[in-house]
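Work through the exercises below with the sequence and the 3D structure at hand. Each task is followed by a solution in steps.

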Amino acid sequence: MFGGHYYHERIRKSVSIFGRLFNNLYVVRKNSSGGVLNQLKVPLAYAPRQKYLERIRENPSLEDDTRVAIKLPRMSFEITDIQYDLTRQLAKVSNFNTKGAAPEKRQKFYSPVPYNIGFSLSIYAKNQDDALQLVEQILPTFNPQYTLSIYPFKEIYPDFIEDVPIAITGVTFEDDYQSTLEQRRTIIYNLTFEMKVQFY
């Protein structure tokens with residue numbers, strides 16, 4: 001049943017596309033009169049949320065600062081799940097062909113298999129204003145989805161364009177404000193997304 005190697009890098013490209021949406025966000029800090037003090041580009045990494053939380057909480061004390069704490073704000077994202085999408089299922093006979101390397105050869109693509117890839121984007125900040133600036137730069141773009149047009153097989157089929165919708169599915173918020181004044185405060189916004197991809 002299985003045989004013949006192929007690898008279209010759909011999951012790898014999906015991670016890259018998702019990360020590019022958020023890799024150019026800034027936080028602007030102002031003084032009391034409204035003048036800009038500084039502008040900070042927020043770093044983004046593909047990493048589990050728990051890894052960052054452990055790193056942030058390694059040195060929660062502001063008095064005993066023997067190790068430099070991780071700088072906030074920052075963002076991380078990761079894949080949370082991959083699920084088959086029954087609502088976008090196509091007939092199995094809807095194949096299409098393209099020209100191959102030689103005139104007498106052709107490239108055949110079988111009907112795509114639809115899947116939803118779940119992503120989680122976490123925003124970490126020391127104060128509420130930094131976190132809210134980032135959340136408000138993201139939310140209006142998804143109404144409730146944002147669609148990208150990509151070339152899934154640019155090397156072998158450059159004319160084929162596919163629309164990839166990315167929908168926001170939820171926003172949650174955490175704040176460990178109950179800590180003492182000496183403890184480091186961490187505000188976390190967690191945004192969940194669903195990307196509709198097709199495997200060929």
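**Exercise 1: Packing of α3**

The buried residues of α3 make contact with β1 (26-30), β7 (113-125) and β10 (187-199), where contact means heavy atoms within 4.5 Å. Helices (H or I, at least four residues) and strands (E, at least two) are DSSP runs, numbered from the N terminus. The model is predicted: local features need pLDDT of at least 70, side-chain atom pairs count only at pLDDT 80 or more, and totals for chains, interfaces and linings use all residues. Residues are numbered from 1 along each chain as its sequence is written, and side-chain values use heavy atoms, with hydrogens and water left out.

Task: list the buried residues of α3.

Solution. Step one is the cut-off: buried means under 20% relative accessible area, exposed over 50%, and partly exposed in between (1.4 Å probe, protein chains only). Step two is the list: D130, A131, Q133, L134, V135 and I138.

**Exercise 2: The sheet**

Task: find the strand order of the open sheet of six strands, then place α1 and α3 on the sheet.

Solution. Begin with the order, which is β3-β4-β7-β10-β9-β8, with mixed pairing. Two strands pair if DSSP finds at least two bridges between them. β3 (44-46) and β8 are the edge strands, each pairing on one side only. From one strand to the next, the twist averages 25 degrees.

Next, take one pair: β9 (residues 162-175) and β10 run antiparallel and are joined by nine bridges. In this pair, G170 has T192 of β10 as its bridge partner.

Then add the helices. α1 packs on the sheet and touches β3, β4, β7, β8, β9 and β10; its direction makes about 140 degrees with that of β10. α3 also packs on the sheet, touching β7, β9 and β10, and its direction makes about 20 degrees with that of β10. Axes are lines fitted to C-alpha atoms, for helices over the stretch in contact, and angles run from 0 to 180 degrees between N-to-C directions.

**Exercise 3: Backbone exceptions**

Task: what is the phi of E9, and which peptide bond is cis?

Solution. Start from the general rule: most residues other than glycine have a negative phi, and most peptide bonds are trans. E9 is not a glycine, yet its phi is positive, about 55 degrees. E9 lies in the segment before α1 (10-21) and is partly exposed, at 27% relative accessibility. The cis bond runs from N143 to P144, with omega near -5 degrees. P144 is in the loop between α3 (128-138) and β8 (145-150).
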